[in-house]
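Here are my notes on this model, set out point by point. Please read them with the structure open.

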Amino acid sequence: MEHHPSHLSEAPIDRRRALLSQVAALRDPQERLQWLVERARQRSSLPAEARTDACRVHGCMARLWWVAELRDGRWHLAADSDAVTLKAIVGLIAECYDDETSAGIVADPPDFLEGLGLLRQLAENRRATVLRVVHVMVEAARNEMSVASP
């Protein structure tokens with residue numbers, strides 16, 4: 001998985017706040033989604049070796065891959081989908097929490113999706129799929145914390 005240069009110079013919480021501030025500055029939820037879709041279209045696709053069944057998030061007709069790797073106490077996240085709206089929203093989650101610790105994920109989960117009106121822009125099955133990714137990410141962080149602390 002590749003890192004973007006901003007990951008090297010910015011703490012995950014600061015990067016998350018800055019990105020979410022940009023999204024929130026767009027007043028209309030449809031505008032927010034469109035902005036995220038444009039970002040998603042510019043994002044590189046996951047390599048073929050990451051597009052495995054083990055990384056698939058099932059639940060809707062569109063294919064979605066979620067890659068979460070814990071290295072040196074930090075989560076490295078990436079997402080891709082053949083549905084641009086899923087790629088946009090789940091990609092936002094990956095971008096917001098990439099290089100974050102488990103404690104950081106558990107302390108500041110992605111509750112912003114509802115507040116920004118992004119989930120309301122999706123069909124019910126896609127909304128459920130996004131929420132499944134959130135659940136998987138937060139539970140993995142919780143599990144890692146319980147294993148790491150005796």
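1. The hairpin turn. Strand 1 and strand 2 form a hairpin with two residues between the strands, and Asp72 takes a positive phi near 55° there. Asp72 is not a glycine, yet its phi is positive. The residue sits in the loop between strand 1 and strand 2. Is Asp72 buried or exposed? Asp72 is exposed, because its relative accessible area is 82% and the cut-off for exposed is over 50%. Keep in mind throughout that this is a predicted model.

2. The strand pairing. Strand 1 covers residues 64-71 and runs antiparallel to strand 2, with eight bridges joining them. At one end of the ladder, Arg71 stands opposite Arg74 of strand 2. Leu64 has Ser81 of strand 2 as its bridge partner. Strand 2 spans residues 74-81, and seven of its eight residues are buried, so the strand is largely enclosed by the rest of the structure.

3. The overall fold. The protein chain has seven helices and two strands. Their order along the sequence is α-α-α-β-β-α-α-α-α. Among contacts between residues at least 6 apart in sequence, 62% join residues at least 24 apart.

4. Size and surface. Does the radius of gyration agree or disagree with a compact globule? It agrees: a compact globule of 150 residues would have a value near 15 Å, and the protein chain has 15 Å. The C-alpha trace spans about 45 × 35 × 25 Å along its principal axes. Of the 150 residues, 43% count as buried. The exposed area is about 7,900 Å², and carbon and sulfur atoms supply 52% of it.

5. The largest nonpolar core. This core holds 38 residues. Which of them touch the most other members? They are Trp66, Leu92, Leu113 and Val130. The elements giving two or more residues to this core are helix 2 (12-25), helix 3 (29-42), strand 1, strand 2, helix 4, helix 6 and helix 7. Helix 4 supplies the largest share, nine residues.

6. Leu92 and the second core. Setting aside residues up to four places away in sequence, Leu92 touches Leu19, Leu20, Leu36, Arg43, Phe112, Leu113 and Leu118. There is also a second, separate core of six residues. Its members include Ala50, Cys55, Trp65 and Val67.

7. Helix 7. This helix covers residues 124-148. Its 25 residues should span 36 Å at 1.5 Å a residue, and the end C-alpha atoms are 36 Å apart, so the two values agree. Which residues of helix 7 are buried? They are Thr129, Val130, Val133, Val134, Met137, Val138 and Ala141. These buried residues pack against strand 1, strand 2, helix 4 (84-97), helix 5 (102-107) and helix 6 (112-115). Val130 also appears among the residues of the largest nonpolar core that touch the most other members.

8. Ala83. The loop between strand 2 and helix 4 contains Ala83. Ala83 counts as buried because its relative accessible area is 7%, and the cut-off for buried is under 20%. Beyond its neighbours within four places in sequence, Ala83 is in contact with Ala62 and Arg126. Ala62 and Ala83 are 21 residues apart in sequence, while their C-alpha atoms are 5.8 Å apart in space.

9. Asp99. This residue lies in the loop between helix 4 and helix 5. Asp99 has a positive phi of about 75°, although it is not a glycine. Is Asp99 buried or exposed? Asp99 counts as buried, because its relative accessibility is 15%. Asp72, the other aspartate discussed here, has a positive phi near 55° but is exposed at 82%.

Technical notes:
Residues numbered from 1 in each chain as written. Predicted model: local features only at pLDDT ≥ 70, side-chain atom pairs only at ≥ 80, totals over all residues. Heavy atoms only, no water. Buried < 20%, exposed > 50% of the residue type's maximum accessible area, 1.4 Å probe, protein only. Helix = DSSP H or I, 4+ residues; strand = E, 2+ residues; numbered from the N terminus. Pairing = 2+ DSSP bridges. Expected span 1.5 Å × (residues − 1). Contact = heavy atoms within 4.5 Å. Rg over C-alpha atoms; globule rule 2.2 N^0.38 Å. Areas by Shrake-Rupley, 256 points an atom, 1.4 Å probe, with all protein chains shown as cover. Core = buried A, V, L, I, M, F, W, Y, C linked by side-chain atoms within 4.5 Å.
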